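Let's take a walk through this model together, starting with its helices and finishing at the ligand.

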Amino acid sequence: MEKNKRKPVIAGNWKMNNGPAAAGGLLDALLSAIPAQPVCEVVVCVPFLDIPLAAEKLKGSSIALGAQNCHFAASGAYTGEISAPMLAETGCSHVIIGHSERRQYFGETDETAGQRLKAAVEAGLTAILCVGENLTERDAGQELEKCTAQLTAGLAGVTEQELERVLVAYEPVWAIGTGRTATAEEAARVCGALRQAVAEQYGAPAAQKLRILYGGSMNEKNARELLAQPDIDGGLIGGASLKAGSFGAIVDACQD
Ligand code: PGA
């Protein structure tokens with residue numbers, strides 16, 4: 001499948017920003033900034049507490065709703081956690097899995113990311129699996145090895161059919177929230193290797209269908225060049241997703 005047959009995805013990751021009071025205003029601004037029929041899929045991944053409000057506001061719009069994490073069990077004694085079926089019940093269609101901040105600050109491992117991803121797709125959600133190397137690994141030339149290992153672990157137990165509900169996000173840790181973006185060539189090289197790894201596991205047709213996003217200081221200035229790369233099918237946007245104008249401009253950048 002050619003790149004232009006894969007529908008791009010622009011997903012916002014609000015992280016731990018905007019309680020319900022502030023979320024309402026940003027959601028209204030996003031609804032004005034995003035066209036009713038964008039050329040790409042648009043998703044916003046909000047804090048758990050904003051989900052009911054966001055589900056209400058985004059109903060019938062072109063913006064899909066996502067969460068930023070889910071637990072691997074459907075229910076049980078897991079204080080402080082939220083399950084994938086709970087997210088589906090409250091109106092989410094997407095969930096981020098294995099974000100580097102979860103791995104770095106909350107002890108998430110390749111194994112738990114794989115378990116969470118499996119739970120998400122089994123609940124009917126689309127999982128956005130994050131992979132990415134840190135600066136030490138990049139300086140040691142280990143980025144392909146690191147990212148493909150995270151990818152393989154994240155997809156453990158995922159069937160070819162379930163893979164249709166997976167998006168992969170390549171997010172070099174050194175580019176997240178730092179203002180330092182991977183060059184389009186650097187990003188494209190890793191995304192190409194990820195697609196190759198999926199092809200080896202699931203076959204070329206499944207790999208050609210898979211959407212691979214880039215994340216890490218993507219903004220309205222650099223989006224166009226990144227999105228033009230053959231294996232980059234969208235973006236996972238942190239900081240720039242908190243401003244409707246910037247996020248809208250990245251969505252527009254998919255047009256070209
Ligand atoms: P950033 O975050 O765009 O602020 O770098 C991206 C992410 O962490 O998903």
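Which residues of helix 9 are buried? They are Ala184, Ala187, Ala188, Val190, Cys191, Ala193, Leu194, Arg195, Ala197, Val198, Ala199 and Tyr202, where buried means under 20% relative accessible area, exposed over 50% and partly exposed in between, with a 1.4 Å probe and protein chains only. Helices here are DSSP runs of H or I with at least four residues, strands are runs of E with at least two, and both are numbered from the N terminus.

A word on what you're looking at: this is a predicted model, in which local features need pLDDT of at least 70 and side-chain atom pairs count only at pLDDT 80 or more, while totals for chains, interfaces and linings use all residues. Residues are numbered from 1 along each chain as its sequence is written, and side-chain values use heavy atoms, leaving out hydrogens and water.

Back to helix 9. At 1.5 Å a residue, its 19 residues should span 27 Å, and the end C-alpha atoms are 26 Å apart, which agrees; the expected span is 1.5 Å times one less than the number of residues. Just after helix 9, Gly203 takes a positive phi of about 95°.

Now look at helix 7, residues 143–154. Its twelve residues should span 16 Å, and its end C-alpha atoms are indeed 16 Å apart. Glu143, Cys147, Thr148, Gln150, Leu151 and Gly154 are buried in this helix. Down the axis of helix 7, they fall within an arc of 155°, so they line one face; the arc is taken from the directions from the axis to the C-beta atoms. An α-helix has 3.6 residues a turn, so residues three or four places apart point the same way. Helix 9 (184–202) is among the elements covering the buried residues of helix 7, as are helix 5 (110–122) and strand 6 (166–170), with contact meaning heavy atoms within 4.5 Å.

On to the ligand. Among the closest residues around it are Lys15, Glu171 and Ser217. One ligand oxygen contact, at 2.7 Å, is with an N or O atom in the side chain of Lys15, and there is another at 2.7 Å with the side chain of Glu171. The protein covers 95% of the 290 Å² of accessible area that the ligand has on its own, by the Shrake-Rupley method with a 1.4 Å probe.

Lys15 sits in the loop between strand 1 (9–13) and helix 1 (20–33) and is partly exposed, at 21% relative accessible area. Ser217 lies in the loop between strand 7 (212–215) and helix 11 (223–227) and is buried, at 17%.

Terms used:
A residue is near a molecule or strand if one of its heavy atoms lies within 4 Å of it. A polar contact is a pair of N or O atoms within 3.5 Å; within protein, one must be able to donate a hydrogen and the other to accept it, and residues adjacent in sequence count only if both atoms are side-chain atoms.
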